[in-house]
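Reader: I am new to this structure and should like to know how its descriptions are justified. Would you set out the reasoning behind them?

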Amino acid sequence: MALTGALYGGCGGDGVPTGRPGKGDDFDRDDIRVEVVECATEKNPEATVKVTASTSPSDRRYFIGLDFLDAEGEVVDSASLKLTPQPDSPDDEEITENVEMPMTETGKAGEVKSCKMDHAF
């Protein structure tokens, strides 16, 4: 099983599209669940998130966004991914995989104290 994806720059703006989950540490909907497993550090400027996603329909695409926060809770950087679930078997209704979300501004990794999901849909 694999979640293939494309990394985008920052997560633009504070808003989340209408009808989508709001900000939080993780997201849980019927078709996608995302949990922050590990946040970025100065030595490792990327976060790891655990994504569990529906594979139906077969051309399903998901978009997830993550904010990297400083000690005051201010956004230092953000990352966005577009993911496409690719199951090992056509019978797989769901796929679970850890996904790396690298910072776009790795020089700010030392400022990061926590990570927070910005969006998942």
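Author: What follows is a set of questions and answers on a predicted model.

Reader: What makes up the secondary structure of the protein chain?

Author: The protein chain has zero helices and eight strands. From the N terminus on, the order of elements is therefore written β-β-β-β-β-β-β-β.

Reader: How do you know that cysteine 39 and cysteine 115 form a disulfide?

Author: Their sulfur atoms are 2.0 Å apart, and the cut-off for a disulfide is 2.5 Å. The pair therefore qualifies, and the count by this rule is one disulfide.

Reader: Why is this disulfide called right-handed?

Author: The torsion about the S-S bond of cysteine 39 and cysteine 115 is about 75 degrees, so the disulfide is right-handed.

Reader: What does the disulfide tie together?

Author: Cysteine 39 is in the loop between β3 and β4, whereas cysteine 115 belongs to strand β8, so the bond ties together parts 76 residues apart in sequence. Both cysteine 39 and cysteine 115 are buried.

Reader: Why is threonine 48 called buried?

Author: Threonine 48 has a relative accessible area of 10%, and buried means under 20%. The residue is therefore counted as buried. Threonine 48 is placed in strand β4.

Reader: How do you know that the side chain of threonine 48 makes a polar contact with the side chain of glutamate 100?

Author: The distance given for this contact is 2.9 Å, and the limit for a polar contact is 3.5 Å. The residues that threonine 48 touches, leaving aside those up to four places away in sequence, include Glu35, Val36, Asn98 and Glu100.

Reader: Why is threonine 104 called partly exposed?

Author: Its relative accessibility is 41%, and partly exposed is the class between 20% and 50%. Threonine 104 therefore counts as partly exposed. This residue lies in the loop between β7 and β8, and its side chain makes a polar contact of 2.6 Å with the side chain of aspartate 77. Threonine 104 and proline 45 are 59 residues apart in sequence, while their C-alpha atoms are 8.8 Å apart in space.

Reader: Why is β6 described as largely enclosed by the rest of the structure?

Author: Nine of the twelve residues of β6 are buried, so the strand is largely enclosed.

Reader: How do you know that β5 and β6 pair?

Author: At least two bridges are needed for pairing, and eight bridges join β5 to β6. The two strands therefore pair, and they run antiparallel. One bridge partner in β6 is serine 78, which is matched with aspartate 67. The hairpin of β5 and β6 has five residues between the strands, and glycine 73 there takes a positive phi near 85 degrees.

Reader: What makes the peptide bond between serine 56 and proline 57 a cis bond?

Author: The omega of this bond is about 0 degrees, and the bond is cis. Most peptide bonds are trans. Proline 57 lies in the loop between β4 and β5.

Reader: Which residues have the most contacts inside the largest nonpolar core?

Author: They are Val34, Val49, Val51, Ile64 and Phe68, in a core of 25 residues. At least two residues of this core come from each of β3, β4, β5, β6, β7 and β8. Valine 49 touches residues including Val34, Ile64, Val99 and Met117, with those up to four places away in sequence not counted.

Key: Residues numbered from 1 in each chain as written. Predicted model: local features only at pLDDT ≥ 70, side-chain atom pairs only at ≥ 80, totals over all residues. Heavy atoms only, no water. Helix = DSSP H or I, 4+ residues; strand = E, 2+ residues; numbered from the N terminus. Buried < 20%, exposed > 50% of the residue type's maximum accessible area, 1.4 Å probe, protein only. Core = buried A, V, L, I, M, F, W, Y, C linked by side-chain atoms within 4.5 Å. Contact = heavy atoms within 4.5 Å. Polar contact = N/O pair within 3.5 Å; in protein donor to acceptor, adjacent residues only side chain to side chain.
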